[in-house]
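Okay, thanks for coming, everyone. Have a look at the structure on the screen, and I'll talk you through it.

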Amino acid sequence: TIAHLARIGIPKGVAYSAIGDLYFVDSTNLKVRKVSGSTRVLTTIVSSGLTNPRAVALNSEGDLFVTD
């Protein structure tokens, strides 16, 4: 989905990767999403198992962490 066309609830906990990708929690829909910095395509990274997601973080190796 092109990011500007997507239905996103309340975004929280934004993090950027070293290559410019944007990661965030869609707290309304209980998902973790990524917007590609190069294509602006929105991808759902985590879509199940979250009950109260608050934030995301990336380490220097690009591993994604989610607080739930």
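Let's start with Lys-34: its relative accessibility is 21%, and since the buried class stops under 20%, Lys-34 counts as partly exposed. Keep in mind that this is a predicted model. So what does Lys-34 form a salt bridge with? The partner is Asp-21, and the closest N and O atoms of the two are 3.8 Å apart. Asp-21 sits in the loop between β1 and β2, while Lys-34 belongs to strand β3, so this pair ties together parts that are 13 residues apart in sequence. Asp-21 itself has a relative accessibility of 8%, so we call it buried.

How many salt bridges does a search of the whole structure find? Two. The other one I want to show you joins Arg-33 and Asp-26, with 3.1 Å between the closest N and O atoms. Arg-33 is buried, at 8% relative accessibility. Asp-26 is buried as well, with a relative accessible area of 0%.

Now let's zoom out to the sheet. Four strands make an open sheet, in the order β1-β2-β3-β4, and the pairing is antiparallel. Which strands are at the edges? Those are β1, residues 11-16, and β4, residues 42-46, and each of them pairs on one side only. From one strand to the next, the twist averages 25°. If you're new to this, strands of a sheet pair through backbone hydrogen bonds, either parallel or antiparallel.

Let's go pair by pair. Strand β2 covers residues 22-26 and strand β3 covers residues 31-35, and five bridges pair them in the antiparallel sense. Our friend Lys-34 turns up here again, as the bridge partner of Tyr-23. Next door, Arg-33 in β3 stands opposite Phe-24. The hairpin of β2 and β3 has four residues between the strands, and in that hairpin Leu-30 takes a positive phi near 55°.

On to β3 and β4. These two run antiparallel and are joined by four bridges. Lys-34 has a bridge partner in β4 too, namely Thr-43. In the hairpin of β3 and β4 there are six residues between the strands, and here Arg-40 is the one with a positive phi, near 65°.

What about the inside? Six residues make up the largest nonpolar core: Ala-15, Tyr-23, Val-25, Val-32, Leu-50 and Val-56. As a general point, in soluble globular proteins nonpolar side chains tend to be buried together. Click on Val-32 if you want to explore that region. Leaving out residues up to four places away in sequence, Val-32 touches a whole list of others, including Phe-24, Ile-45, Leu-50, Val-56 and Leu-64.

For a contrast, find Ala-18, in the loop between β1 and β2. Is Ala-18 buried or exposed? With 89% relative accessibility, Ala-18 counts as exposed. Its C-alpha atom is separated by 27 Å from that of Gly-49, which is 31 residues apart from Ala-18 along the chain.

Last thing: how confident is the predictor? The mean pLDDT of the protein is 91, and 93% of the residues reach 70 or more. Among the elements, β4 has the lowest mean pLDDT, 93, and strand β5, residues 55-58, has the highest, 97.

Notes: Residues are numbered from 1 along each chain as its sequence is written. This is a predicted model: local features need pLDDT of at least 70, side-chain atom pairs count only at pLDDT 80 or more; totals for chains, interfaces and linings use all residues. Side-chain values use heavy atoms; hydrogens and water are left out. Two strands pair if DSSP finds at least two bridges between them. Axes are lines fitted to C-alpha atoms, for helices over the stretch in contact, and angles run from 0 to 180 degrees between N-to-C directions. pLDDT is the predictor's confidence in each residue, from 0 to 100. A salt bridge is a side-chain nitrogen of Lys or Arg within 4 Å of a carboxyl oxygen of Asp or Glu. Buried means under 20% relative accessible area, exposed over 50%, partly exposed in between (1.4 Å probe, protein chains only). A nonpolar core is a set of buried Ala, Val, Leu, Ile, Met, Phe, Trp, Tyr and Cys residues joined through side-chain atoms within 4.5 Å. Contact means heavy atoms within 4.5 Å.
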